[in-house]
Amino acid sequence: MSSHGSVIPMRSTPCGPLSGVAEVPGDKSISHRSLILGALAVGETRISGLLEGQDVLDTAAAMRAFGAEVVDHGGGNWSVHGVGVGGFAEPDQVIDCGNSGTGVRLIMGAMATSPIVATFTGDASLNKRPMARVTDPLALFGARAVGRSGGRLPMTIVGAADPVPVRYEVPVPSAQVKSAVLLAGLNAPGRTVVIEREATRDHTERMLAGFGAEIAVEETGEGRVITLTGQPELKPQVIAVPRDPSSAAFPVCAALIVPGSDVLVPGIGLNPTRAGLFTTLREMGADLTYENQREEGGEPVADLRARYSPDMEGIEVPPERAASMIDEYPILSVVAANARGRTMMRGVKELRVKESDRIDAMATGLRANGVEVEEGEDWWAVTGRGAGGVPGGAVCASHLDHRIAMSFLVLGMAAKAPVSVDDGGPIATSFPIFEGLMGGLGARIERAEA
Ligand code: S3P
């Protein structure tokens, strides 16, 4: 059970063609950042297309707890009256970030260089996840963290009263760690430098520049070097959140594997640091096209058109592409199960510390549904059964992980027998309209009583 919802077992029955237009919700990463940066600006930031998933609602509640005025105007339109960099108030309650690693890690960074104390917690999934990757660099600014063993939540952060700027090379490919350091650097005097060897999603850098911070990004031999000048006055923005490529992945991949399908997924953010899945699918032979390519709010956007692709072949996914599709490996493995030959995915150790151990969760469920999966610590491989060849028929554990639940429900759409998940409740964290949207295209997803 999630910290907010009840257990909702679900079953997906093989279905006929999926067709129509799939309007997926706003981008989760950009939604969190819009609220947090809005809270750190002086004046009113207006946001349209905000993802109203539980993860983002938890971040909205947290920003209120730190003193910002966050108002829901309905229909994805929100406003945030920010308190300015360094203006966070000390919350009088524990901050519950629910299921969201992005929420808790970015907010810890944002408050760590203010002279306040905050205690963070989350659901059973989040409270298992490693936080030292964030609290280690925050300690360099002068913040202190006291948490459970292994650097787990619940955890209290004592913000630095006299923060110093830092130079930090991120040891794991993580946009959350990078962003936490940059957000902490906002309230440190002087220049904070973050170096990442492998490029990860760059929404924080783009948005900080949009909010008027002085930030420079240099590609060098040692990686991307990001330099932020601290203590800017952030100017409120009008933000139109693009639709989430990580959510688009589900109707796109479903259309590729369900016979006769033809689905249009409009207005999808195609920032190169996020679009690795779509490149991979095209390399596998997917009939996936980008229509009406354009730029919206500083992000490249296109309408994706996906048609049934019975001749997809397994490939070696280049490890250097991993960061740009890190959340999409679960659904890629479902497509791989419906392709011919072996799909090899290397350099993906980070999958083991997401909302669940995603290699283990997918491997277990795929095997139960008749698909061969091999795995090592930082790689896994799926041997495809060809179009429509997955037997299905099993109940899979979603491990409080929205992307695992949605991936198995998509598996069931193209299998020989229905596929169930023990709990589809977590889907509401990132894609609350998933069932209705997929049902509207022709999918058959049913809820069962717990
Ligand atoms: C995110 C970064 C990624 C990703 C997560 C969202 C972000 O996590 O998996 O869903 O918005 O910064 P890591 O930073 O742990 O790679």
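This is a short tour of the ligand site in a predicted model. Residues are numbered from 1 along each chain as its sequence is written, and side-chain values use heavy atoms, with hydrogens and water left out. Because the model is predicted, local features need pLDDT of at least 70 and side-chain atom pairs count only at pLDDT 80 or more, whereas totals for chains, interfaces and linings use all residues.

Begin by selecting the ligand together with the residues around it, meaning those with a heavy atom within 4 Å of it: Lys28, Ser29, Arg33, Thr102, Pro173, Ser174, Ala175, Gln176, Arg201, Ile326, Asp327 and Lys354. By residue class, this shell holds five charged (Asp, Glu, Lys or Arg), three nonpolar (Ala, Val, Leu, Ile, Met, Phe, Trp, Tyr, Cys or Pro) and four polar residues (the others, Gly among them).

Next, colour domain 1 (10-26 + 243-447) and domain 2 (28-228), whose bounds come from an automatic or database domain assignment; both give residues to the shell, so the ligand lies between them.

Then show helix H1 (28-40) and helix H5 (175-185), each of which supplies at least two shell residues, with H1 giving the most, namely three; helices here are DSSP runs (H or I, at least four residues), numbered from the N terminus.

Finally, look at the polar contacts, which are pairs of N or O atoms within 3.5 Å. An oxygen atom of the ligand is 2.6 Å from a side-chain N or O atom of Arg33, a polar side-chain atom of Lys354 lies 2.7 Å from a ligand oxygen, and a polar backbone atom of Ala175 is 3.0 Å from an oxygen of the ligand.

Key. A polar contact is a pair of N or O atoms within 3.5 Å; within protein, one must be able to donate a hydrogen and the other to accept it, and residues adjacent in sequence count only if both atoms are side-chain atoms.
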